[in-house]
Amino acid sequence: MRNKYPFLALLPLLLLLCHTTVAQTRGAITGIVLSADTQEPLADVMLQLQGTDRWAISNTDGQFRFEGVPYGEAVLQAKRIGYATKLHTLQFSQPETQVTVQLEVNSLALKEVQITATEAKVGSTSMIERKAIEHVQPTNLADVLQLLPGQLATNPNLSVAQQALLRQAPTSDPEAARMNALGTAIVLDNVPLSNNANLQSNVTILNSGPTALPPFSSVAGRGMDLRQIPAENIESVEVIRGIPSARHGDLTSGAVLVNTRAGAFRPQLRGRFNPQMIQTAFGAGFKLGDRDILNIEADLTTAQDEVRNPTERYQRLSTDLKWTRFWLPERQLSTTTKLMLYGTLDQQKQDPNDLRYQTRHYANDRGLLLSSNGRWQVGTGWLQQVQYTLSGSYSQQDSYFQDLVTRDIFPVTDAMHNTTKVARYGESEYLNTTSVSGKPLNLYGRLELNAVRELLGTRHRLSLGSEWRTDANFGDGRQFDPTRPPRQNYSAGDRPRSYREVPPLHQLAFYLEDQISGSMLNKNYLLQIGLRHDNIVHYGRVLAPRLNASLEILPAIWLRAGHGLTSKAPPLQFLYPGNRYFDFVNFNYYARNPAERLVVMTTYVIEPQTRHFTSATSAKNEVGLDFRRGDWSGTVTFFSEKLRNGYGMRRELLGFIMPVLYAVETPEGQPPVLAVDPNRKQEAFGAYDTSANTGNSNNTGIEYSLNIPEIRAIRTSFNINGAWLRTNSFDSGEFPDFNRVLSASNQNPERVPVYRTGRDVVSERLNTSVRLIHRIPELRFVFSALAQTIWIDRNKSNDLSPYPVAYIKPGGEVVKLSPEEAMQDEYTNLRRGIGITYSTWEKQPPLWLFNVRLTKEWGKGYGFSFYANNFVAHRPYYQSPRTNTFSQRNPVLFFGSELHITL
């Protein structure tokens, strides 16, 4: 792993596979694509030979041609927006073979319409196609993910940030959930969306826990906010939960690959309505001449969580422009250039009746993304295809909050470095206004070479690529009046901060992958072997091998297995948390006469050290079984994932020695005259929040899915999926008992104990989702019902050691303790109490949820959809045995409708 160029070790293998070939007879495949309805030729159909990187685009006469195809079986895939994807299998042994491919309009009149997720042959990957997305009636990408095995159905919700949670049980540990979302890569049209430069955060100043979120909506230090990705223009979503291809980096949990529409189609208008939201979307694809296509997409959404509370509102405006161009005489080069503009506003206005506290906050994000994707089909020699992706995104993030701060008259200083100086007295009541302005810039580039070779009866599909990522922030940062700061306590100061001083984050990666297909002992097999090398500049390197294997052990029954390592670079939020300030009072004389007042303060500035940070890594292992016989299909997968070096926040303590000054003279009408030397020195503690690289989680579980084909007598098919998930999240670092310092009765204890870890939480969930899908193609009608059951939902905390591993003296000295010393009576008062209530399982009873959805098309181009979630209004109360508090389970009864029109 420490080899400077470990990737070069695989280059001999690449060269061997590229040049060691066997002679084969090759021919040409030519054909025409027709509309099944009108029998007219279809242009701009993407045709690809599966298992290769060979592709062609049908011309205006619907014709296409493949040269140099090896004799034998070939599977031809044909795709075009608005039409159902077609797989055409053919056997050919002639110099030229002609085929005719007929595509059907993608509508509910088809005999087969897939409205659930389907599983891939290699690795744990789910594919969600356009019709399945439309039937869910999603408002954003988060709603689409509920089709995955093990995911729970939820109501559309735009009032809070939406995050992905893959293969992890819901846990009371907020850092584990945030790390899972942070480690989920969101890839939009081959461009990984980056949240690494998001710095829209606040400093708690010990008013709440170190993991507390800011008062405004923000996903800084977390995954992407999925509300920003409208679902209307999504053509397909591929979710990789298992071991990803070596192409995908900067992730630990998985990857969500989103492909939006690119191609010619008639203008479409869609409106969605529910009690909390109104959404309007428009999309169209225009053919410009013989080689150009222009796509326009727009989405406008307004949402209000509580109709009776007009002060809270979420608004989203998104526009996509795509230009697709086919170059060269035979269209061997295809490029797509995309410009995406978006704006979101998540706000809480000031209540007109709130004249006293004047509370309000908002988060206003505006940005653009410019990208270009290209594929060049070389078709000569060993090199078959070259792909590239270039993108740049820039956004303006403006957050704001204000509230009334009431406290005793207190000293305040604006010192920005270590110093002792005369300070001033702040107001006992004032309106604090704090703004956070960020300007993230994200740059991305990828170049990939592809080759397909035959070697000893096996097919090798080789990929060699390189990636570059840069994340920076040029915003004004967190700003406020230093004399009217946000709430602060315990001598912890606060200062404005600019983000322009934060260095950018650079990443360089190389990867090599070989996808092998063949047969052995009359058994088919698939192998995906990859190696990825990530270099996070200044923060280390990671060498990540990845393997997926599938073997057909019986006809139509495949055994799968996989192992791999993934890594996630630390975002700027954790690498540069900002300076921490401690303001101690050396002398305080508050006289009736303002002219006689004097306060002197010493400021200590602490810069949290993060150069020791390393990438968070996840070791993934899985084994599964798939079967596909006719229309029957099913899969079951056992997985184990171990995340190490996760990112989060924790509270630290420092010891200080503070000089105490005294007055030698108090003249009338003037401030006191202080002695040159201090009277004495006083020891004190200071607490502050900083980033940590010590998060861990172990996720194990079983995912399962079964598709039962349509029972013709009742025109109904079934999909059954679910998962058993177990998550153990814990912190491998050490933490001081800061509560002893922050206690109002004892702010200067003689010893503060340090313990091995502060959290070790276990959560389990077992759920099943049964979907009934009733179709009447003649009426263009689909009805689905969901019966979701949570069989197991429990959590506990593992036993923590009550004994300290060290203690801190008031001056800052740390004294280590051996296990034997920690058990001595001398340190009895340093032991922590362990609540037995939390070390036993808290089990909630089984829970049922019933949802219904229907979609109806009226002829070509018009349709209506409706859904009702929890239509039986089953929301049982649950009383926690730990806290004796009551809570209602299940989402509220919720309904919505949709109308779409094709012009």
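Trainee: Which element gives the most to the nonpolar patch?

Mentor: That is β31, which contributes three residues. Keep in mind that we are looking at a predicted model. The patch lies on the surface and is formed by L551, I553, L554, L559, V623, L625, V636, F638 and I702, with about 660 Å² of accessible area together. The elements giving two or more residues to the patch are β31 (541-554), β35 (616-629) and β36 (632-660).

Trainee: Why is F638 called partly exposed?

Mentor: Partly exposed covers the range between 20% and 50% relative accessible area. F638 has 39%, so the label fits. You will find F638 in strand β36.

Trainee: What makes G72 count as partly exposed?

Mentor: Try the same test. Buried needs a value under 20% and exposed one over 50%. G72 is at 22%, so partly exposed is the right term. G72 belongs to strand β5 (residues 72-79). Leaving out residues up to four places away in sequence, G72 touches L90, Q91 and F92.

Trainee: How far apart are G72 and G62 in space?

Mentor: They are 25 Å apart, C-alpha to C-alpha, with their positions ten residues apart in sequence.

Trainee: And how do you know whether R771 is buried or exposed?

Mentor: Compare its relative accessibility with the cut-off: buried means under 20%. R771 has 12%, so R771 counts as buried. R771 is part of strand β43 (residues 760-776). Not counting residues up to four places away in sequence, R771 touches T116, Q146, L147, S717, F718, N719, N721, A785 and L786.

Trainee: What makes a contact at the start of α4 polar?

Mentor: A polar contact is a pair of N or O atoms within 3.5 Å, one able to donate a hydrogen and the other to accept it. Here a side-chain oxygen of D173 comes to within 3.2 Å of the backbone nitrogen of E175, so the pair is inside the cut-off. In helix α4 (residues 174-182), the buried residues are E175, A176, M179, N180, A181 and L182.

Trainee: Which residues touch the most other members of the largest nonpolar core?

Mentor: Among its 29 residues, they are I128, L141, I186, V237 and V256. Several elements give two or more residues to this core, including α2 (130-136), β10 (184-188) and β12 (234-240). There is also a second, separate core of 21 residues, and L182, F216, F401 and V502 are among them.

Trainee: What is I186 in contact with?

Mentor: Leaving aside neighbours within four places in sequence, I186 contacts L141, V191, P192, L193, M224, L226, I229 and V256.

Key:
Residues are numbered from 1 along each chain as its sequence is written. This is a predicted model: local features need pLDDT of at least 70, side-chain atom pairs count only at pLDDT 80 or more; totals for chains, interfaces and linings use all residues. Side-chain values use heavy atoms; hydrogens and water are left out. Buried means under 20% relative accessible area, exposed over 50%, partly exposed in between (1.4 Å probe, protein chains only). Helices (H or I, at least four residues) and strands (E, at least two) are DSSP runs, numbered from the N terminus. Patches are made of residues with over 30% relative accessible area and no salt bridge: like charges are joined within 9 Å, nonpolar side chains (Val, Leu, Ile, Met, Phe, Trp, Tyr) within 5 Å. Accessible areas come from the Shrake-Rupley method with a 1.4 Å probe; for residues, only the protein chains shown count as cover. A salt bridge is a side-chain nitrogen of Lys or Arg within 4 Å of a carboxyl oxygen of Asp or Glu. A nonpolar core is a set of buried Ala, Val, Leu, Ile, Met, Phe, Trp, Tyr and Cys residues joined through side-chain atoms within 4.5 Å. Contact means heavy atoms within 4.5 Å.
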